[in-house]
Amino acid sequence: MVVINSVPFTTHLRVEKYGAKELLERDRARISNMLFTWASQEGPFAFRKTTGADEGSLHSVDVTNSGLAYTMSVGVGQPPTDYTLLVDTGSAITWIGANLKKPYSPTDTSEDTSDSVQCSYGSGWMKGDLYTDTVTLSPDLVIKKQSIGIARSTKGIRDVDGILGVGPADLSKGKVKPGGRKLPTVTDNLYSEGTIPTDSLGIFYAPLTKVGEITGELTFGGVDETKITSDVNYVPLTTTAPASQYWGINQSITYGDTTILDNASGFVDTGATFLLLTTSVFNAYRDAIGAYVDGATGLLAITEEQYNNLHSLIFHIGDVEYEFTPNAQIWPRALNSVLRGRSDRIYLVVAEFKPVRGSESIHFVNGFVWLQRFYTVYDTTNAEVGFATTPFTDAETN
């Protein structure tokens, strides 16, 4: 039976010590790690911590140490053993066994392919064996023969049992030995086994309004019509590398009467916290507003008067304009303490990043603060990304 099925997931905002500066570092390092294929071959991208006088060592960030993490329970085997997996749109392989906390016990549905698999996530990695097995995402979403890595050793992967990779399947190339073949994702297999009508994934969030866990929804095979307030506008994936390797699109951005970004490539990423703009675009936005960089947080800050005069950012994607309202552009003021900021300050969620060498064609990353205002659909069947408004697009939540 073909179904469109939605599965809840839990979103965790991870801020341990340094507030906004920590979130910014994690965002920038995550993106640089994702783009490392096009960077120099001098070694994994590293960043310098600037959040404490004695914090001068170099670090890099793995997928489980980004500012945002999404987890869901996934069953493996028959009968299934449940594992808590991190949902990642920036990778494409599903695997279990992180830290060897919950050993894999083969069942009658398990098959050892005799291949090995290795995945790298910046400072984290896994090495293991490749099996096929039954994978259960929900009672209606059961995959009979899913390629799944069984870790023999891992590093830097914390708080979860493994990864559910739902990025483009091409990201799996070169990870399997011998041969380096591409592995279908869980979404690909749900489609090929006839369980869902299209090879697509819809993602819905509610805006962050309190510290702790918030919930979202993954919809496999279509769109949850109850979560949107407009038609879905689909645009083709960009052909410009390296954004073309991820869920990359072309867009332009205007602020008031000023075009701050002509049509250019970038990508949408659920793992980035902020709306990240390359330096020239960020500077144009900052100057148009008259904002300043707050020393305590590293974020742009504005006065109440400037907020009252703030224009919407208009994102031109395909033939549709998406309004990122003044309220959407500011961090939830009730959560300024999370940033280690002042309660009476207004902080913006637009931040600067610098592409690693070789990936200068990346001009933006539409992260969580942007995605929580719009429903997004990641469509492999038609090589498209779709966008729709939701009840939260113009909500006054912040």
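**Note on the predicted model**

1. Start with Thr390. This residue is found in the segment after strand S26 (384-389). The model is predicted. Thr390 has a relative accessible area of 3%. That value counts as buried, because the cut-off is under 20%.

2. What does the side chain of Thr390 reach? The partner is the backbone nitrogen of Phe392, at 3.0 Å. Thr390 also touches residues from elsewhere in the sequence, leaving aside those up to four places away. Among them are Phe204, Lys227, Ile228 and Thr229. Arg373, Phe374 and Tyr375 are touched as well.

3. Lys227, one of those contacts of Thr390, has a charged partner too. Lys227 forms a salt bridge with Glu217, and the closest N and O atoms are 3.4 Å apart. The two residues are ten apart along the chain. Glu217 belongs to strand S13 (213-220), while Lys227 sits in the loop between S13 and strand S14 (233-236). Glu217 is buried, with a relative accessible area of 12%.

4. Now look at the salt bridges as a group. Side chains of opposite charge can pair when their charged atoms come close. How many salt bridges does the structure hold? The count is 15. One of them joins Asp294 and Arg345, at 2.7 Å from N to O. These partners are 51 residues apart. Asp294 is in the loop between strand S18 (292-293) and strand S19 (300-302). Arg345 is in the loop between strand S21 (320-324) and strand S22 (346-347). Asp294 is buried, at 3% relative accessible area. Elsewhere, Arg30, Asp88 and Asp269 form one network through salt bridges that share partners.

5. Compare the pair Lys173 and Asp170. Their closest N and O atoms are 3.7 Å apart, and they form a salt bridge. Are these residues buried or partly exposed? Lys173 is partly exposed, with a relative accessible area of 48%. Asp170 is also partly exposed, at 36%.

6. Arg333 lies in the loop between S21 and S22. It is partly exposed, with a relative accessible area of 29%. Arg333 touches Glu304, Tyr307, Arg345, Ile346 and Asn398, not counting residues up to four places away in sequence. Arg345 is the salt-bridge partner of Asp294. The C-alpha atoms of Arg333 and Phe274 are separated by 15 Å, and the two residues are 59 apart along the chain.

7. Next, the sheet. Seven strands form an open sheet with mixed pairing, in the order S21-S20-S15-S16-S24-S17-S23. S21 and strand S23 (350-353) are the edge strands, each pairing on one side only. Neighbouring strands are turned by 35° against each other on average, direction ignored. Strand S17 (residues 275-278) and S23 run parallel, joined by four bridges. Leu276 stands opposite Ala351 in S23.

8. Helices meet this sheet. Helix H1 (residues 20-34) packs on the sheet and touches strand S16 (258-268), S17, S23 and strand S24 (364-366). The direction of H1 makes about 50° with that of S23. H3 lies across strand S15 (248-255), S16, S17, strand S20 (313-317) and S23. H3 runs at about 110° to S17.

9. Which residues of helix H3 (residues 279-289) are buried? They are Val281, Phe282, Tyr285 and Ile289. These four are on the same side of H3, because they cover an arc of only 100° around the axis. The face turned away from the buried side carries the exposed residues Ser280 and Asp287. Just after H3, Gly290 takes a positive phi of about 80°.

Technical notes. Residues numbered from 1 in each chain as written. Predicted model: local features only at pLDDT ≥ 70, side-chain atom pairs only at ≥ 80, totals over all residues. Heavy atoms only, no water. Buried < 20%, exposed > 50% of the residue type's maximum accessible area, 1.4 Å probe, protein only. Arc of directions from axis to C-beta. Salt bridge = Lys/Arg side-chain N within 4 Å of Asp/Glu carboxyl O. Polar contact = N/O pair within 3.5 Å; in protein donor to acceptor, adjacent residues only side chain to side chain. Contact = heavy atoms within 4.5 Å. Pairing = 2+ DSSP bridges. Axes fitted to C-alpha atoms, helices over the stretch in contact; angles between N-to-C directions.
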